[in-house]
Amino acid sequence: MPVTERLYYSDSHLIEFEARVVDVTERVSGWTAIVLNRTAFYPTGGGQPGDTGTLDGLRVVECVDDGDRGVLHVVQGTAPPREAIVRGRVDWPRRLDHMQQHTGQHILSQAFVTLFNAPTRGFRVLDASCEIDVELREPTIEKIERAVELANNVIWEDRAITIRNVTSDEAAELSLRKEPSREGELRLIEIEGFDLTPCGGTHAYRTGEVGMIAVRSWERAKGLTRIDFVAGTRALADYRKANRSAREVAALFSSGRDDIPGLTAHALEENKELHRRVRVLEEIAAEVEAEKLLTAASGGIVARVFEGRDAESLKKLAQAVIANPGTIALLGSRDKDTARLVFARSSDAAGDMSLLMREACVMLDGRGGGKPELAQGGGKLVDQLEAVISQLASKLST
Ligand SMILES: [Zn+2]
């Protein structure tokens, strides 16, 4: 006779029960593990998270299967003494959620077997969704949608789910979806006319209780297809979230929700085209600006400091200046906390821009380099930028 009679085996909807305390052990300071002679609390296992709830008002934060020693109920606070009769209460919304995901997994896994002969190799209940690893080759949206449709039809047919206890000899005669992982007497879960598999978890009474199943995404992982799905209340929560996101995007376009894929694709294409046009216009603007700067410059040397111009814009302007013969551009920009520099000369002008840049970078506490015709750099001493540029310019003109 095992220490703990597991009431959830025979009734997955039992949430209130009375039991006797069999054992009490301190785990870590303040936390105590209680073993009862019977429990409706499901301990973590088989891909299903454990229950939480209360024992005589004490919060049960974790429930652990300790094999022959029974089910451990981890509580915080002063535990009742051995032999005390306590009243347990399982957190029903959490249990219902887990049953919907777990039973949903039985149904979805069988749907992949029925349609594609693709067994499930792994199952995990995550925080907001669930994962199954299926031996499904070349997953396509059509295959996934067919399995989801079959699974939901089984749910809406509201088929009975029953428990059968059989010996291993009896089990050998049956067609089970999954090989049993243990010897001896087996607990089989049967979904009327659809699925038969050994399992120790908690299940819905009827398939209708699962509500619905939706697949969110899938990917190939370790030679299997990893499918992310939601069932029951999680499906509704996920729908709300997805719908809210889609409506927020639709509001940006002042459009209907279902028009956004086309509108977004169009907007991205338009954005790319605008970028191309801006680049062309920037070049034209740089030519015009260079001409103005050269008119005002003496001896073909353009030495200027700008506000908030990035390196790319400075370079474009420098290149437009030195497209004219006998010219040198010493350009700087105060771009936030950085002093940016671009030095360039036309191919027929004298001077080594890379040497000049190194000199400037020493004075601005920065780094830079390049070739004799073109050099780039930057420094921290933004306040010194104006002085450094004019100093180098007057050095060049003498
Ligand atoms: Zn199960």
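**Entry 1: the sheet**

I began with the open sheet of this predicted model, which is built from 5 strands in the order 16-17-18-20-19, with mixed pairing. I then looked for its edges and noted strand 16 (301-307) and strand 19 (366-370), each of which has a single partner strand, so one side of each is left without a neighbour in the sheet. From one strand to the next, I found that the twist averages 10°.

Within the sheet I followed one pair, strand 17 (residues 328-335) and strand 18 (residues 338-345), which run in the antiparallel sense and are joined over 8 bridges. As a point of reference in this pair I wrote down Ser-333, which stands opposite Arg-340 in strand 18.

**Entry 2: helices on the sheet**

I next asked which strands helix 8 (residues 353-364) touches as it packs on the sheet. I listed strand 17, strand 18, strand 19 and strand 20 (374-379), and I noted that the direction of helix 8 makes about 160° with that of strand 18. Helix 9 (residues 385-397) also packs on the sheet, where I found it touching strand 16, strand 17 and strand 18, and its direction makes about 175° with that of strand 17.

**Entry 3: Gly-308**

I looked up Gly-308, whose place is in the loop between strand 16 and helix 7 (311-322). Is Gly-308 buried or exposed? I recorded a relative accessible area of 52% for Gly-308, and since exposed means over 50%, this residue counts as exposed. Leaving aside residues up to four places away in sequence, I found Gly-308 touching Ser-333, Arg-334 and Asp-335; Ser-333 is the residue I had already noted opposite Arg-340. I also checked Gly-308 against Ala-350, which lies 42 residues apart from it along the chain, and their C-alpha atoms are separated by 29 Å.

**Entry 4: the zinc ion**

I then turned to the zinc ion and asked which residues coordinate it. The donors are His-102 (NE2), His-106 (NE2), Cys-199 (SG) and His-203 (NE2), at 1.9 to 2.2 Å, and along the chain they follow the spacing H-x3-H-x92-C-x3-H. The 4 donor atoms subtend angles of 99 to 124° around the zinc ion, so I entered the arrangement as tetrahedral.

Two of these donors I traced further, because I wanted to see where they sit: His-106 is in helix 2 (residues 92-116), whereas His-203 is in the loop between strand 13 (195-198) and strand 14 (213-221), so that the pair, 97 residues apart, links distant parts of the chain. With buried meaning under 20% relative accessible area, I entered His-106 as buried at 2%, and His-203 as buried at 6%.

Key:
Residues numbered from 1 in each chain as written. Predicted model: local features only at pLDDT ≥ 70, side-chain atom pairs only at ≥ 80, totals over all residues. Heavy atoms only, no water. Pairing = 2+ DSSP bridges. Helix = DSSP H or I, 4+ residues; strand = E, 2+ residues; numbered from the N terminus. Axes fitted to C-alpha atoms, helices over the stretch in contact; angles between N-to-C directions. Contact = heavy atoms within 4.5 Å. Buried < 20%, exposed > 50% of the residue type's maximum accessible area, 1.4 Å probe, protein only. Donors = N, O, S within 2.8 Å, 3.2 Å for Na, K, Ca; no water. Tetrahedral: all angles 85-135°; square planar, octahedral: opposite > 155°, others 65-115°.
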